[in-house]
Amino acid sequence: MIDFLGSNPSEAILADISQHNLGGVILYWYQNMPERSQILSMTTYLNDNAQIPLFIATDQEPGFPQNLNAQNGFSDTPSAHELGVMDTESETRNIAATFANWFTEVGINLDLAPVVDLRLDSTNVIGDRAFSSDPATVTRNAYWFIDEFHQQSHATTLKHFPGHGSAADDTHAGFTDVTDTWSDIELEPYRALIDSGVVDLIMTAHVFNSNIDSLYPATLSYNTITGLLRDSLGYNGVVITDEMSMGAIRNNYGIDEAFILAVNAGVDIILYRIGRDPAGRTSISYIIDLLEQKVIDGTIPVSRINESYARIIKLKENYFGPGVVSTQVAQWINPVKFELINYPNPFNPATTIEFTLPRREPVRIVVYDLLGRSVRQLTSATLEPGRQSISWDGRDDHGRQVATGMYIYRLLVPPTEGVTPSTSLARKMMLLK
């Protein structure tokens with residue numbers, strides 16, 4: 001999910017959507033939505049270029065940040081803290097319903113809200129964006145807020161996991177350590193709302209907590225996202241990062257490193273403001289190529305990509321209907337071309353060879369040495385269409401361990417008379433001991 005400049009989408013952003021299957025965009029009032037009357041035509045144009053409907057997102061919190069506001073033809077509202085002090089269902093629902101009505105009017109379908117941080121430090125960057133310091137009050141108001149959006153078929157996002165309300169510093173500016181201030185009470189709204197079944201997405205915080213992960217901030221932390229959020233709290237839905245060009249990430253990690261760490265940590269959607277990229281990149285092709293290469297060389301498991309794809313498509317089907325994306329899902333499950341990779345590569349002691357078939361085919365997969373001699377036939381069978389995998393443990397057809405070195409693995413499909421020619425794909429892999 002990326003941003004773009006201007007209220008008229010550029011050719012670059014349209015290419016990202018139509019050619020690279022960009023999953024979503026984030027809109028800002030000062031950057032994309034100067035006038036109420038132009039927003040719907042813009043969001044419609046964006047989605048007209050998408051094969052799968054986009055998540056069109058903005059930050060629409062009570063008070064601030066509020067991208068549909070008095071300056072572009074809507075109206076300002078009380079802050080989340082003011083709603084929490086009132087703590088009345090009718091008032092919170094009224095504000096949320098107003099926001100949801102605006103979303104319906106202008107074609108926005110994802111709110112990066114509500115904030116479920118606790119207001120543990122009223123002077124920090126969260127401050128009045130939080131409903132309360134009391135987790136029960138936060139949970140109640142967040143539930144009412146979410147429910148009003150759901151009634152108009154718009155998705156919402158809890159933020160900022162695992163809790164930003166006790167932070168003394170601002171992750172927009174730089175490194176933010178909550179090791180000495182964070183407590184388990186900050187998880188209570190997440191736990192309650194996850195258990196209630198209303199959560200669509202959860203946004204990570206860029207905060208560092210050495211008690212959870214001694215190396216990485218939450219967005220880049222396997223311990224936080226997979227260990228705490230998914231395994232301990234039982235959350236199986238979509239995880240989205242906070243914006244990845246913020247100082248806490250940009251000042252401390254190379255952006256390539258940050259993307260790879262986030263994906264391996266368990267993130268599903270990377271939120272990234274292209275315009276803030278110090279390298280001046282103007283499309284997502286670089287990021288896609290980077291992640292693809294890291295899958296090919298085994299740095300990112302293929303399963304990690306597949307998990308995120310499945311979660312995102314499930315959420316989009318929930319909001320846009322199964323018929324909207326079913327063709328694309330079918331193309332992913334039943335690919336239209338042969339593909340072949342292995343991971344990890346180099347490997348020791350074993351590697352997984354993954355391949356895709358567009359239709360039911362008789363298939364052989366054979367490992368050769370660099371002199372072209374057959375080392376191991378891994379399979380010879382008629383296989384169903386879709387994604388398949390097989391492992392090689394570095395042994396030959398006689399069960400003997402082969403030497404360190406480069407090997408070739410080849411996928412062979414014989415011709416189908418009058419239908420298809422023969423197919424042969426080959427890749428290199430390195431066995432290290």
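By class, which residues make up the lining of the largest cavity? Six are nonpolar, three polar and one charged. The model is predicted.

**Cavities and pocket**

The structure holds three cavities of 30 Å³ or more. The largest cavity has about 40 Å³ of space. Its lining consists of P162, V207, N209, I212, D213, Y216, P217, A218, S221 and T224.

The second largest pocket contains about 540 Å³ of space. Its lining has 29 residues. Y28, D59, F64, P65 and H172 lie nearest the centre of this pocket. Two elements, α2 (29-32) and β4 (155-161), each give at least two residues to the lining. The table sets out the class make-up of both spaces.

| Space | Volume | Nonpolar | Polar | Charged |
|---|---|---|---|---|
| Largest cavity | about 40 Å³ | six residues | three residues | one residue |
| Second largest pocket | about 540 Å³ | 12 residues | nine residues | eight residues |

**Helix α7**

Helix α7 covers residues 188-196. Within α7, P189, Y190, L193 and I194 are buried. These four lie on the same side of α7, because they cover an arc of only 125° around the axis. An α-helix has 3.6 residues a turn, so residues three or four places apart point the same way.

What lies over the buried residues of α7? The cover includes α6 (135-151), β4, β5 (201-204) and α8 (222-232). Strand β4 thus appears twice: it supplies residues to the pocket lining, and it helps cover the buried residues of α7. After α7 comes G197. The phi of G197 is positive, near 80°.

Conventions
Residues numbered from 1 in each chain as written. Predicted model: local features only at pLDDT ≥ 70, side-chain atom pairs only at ≥ 80, totals over all residues. Heavy atoms only, no water. 1 Å grid on protein atoms, 1.4 Å probe; cavity = no way out; pocket = protein on both sides within 12 Å on 5 of 7 lines; lining within 4 Å. Points joined across faces, edges and corners; volume = space filled by probe spheres on them. Nonpolar A, V, L, I, M, F, W, Y, C, P; charged D, E, K, R; others polar. Buried < 20%, exposed > 50% of the residue type's maximum accessible area, 1.4 Å probe, protein only. Arc of directions from axis to C-beta. Contact = heavy atoms within 4.5 Å.
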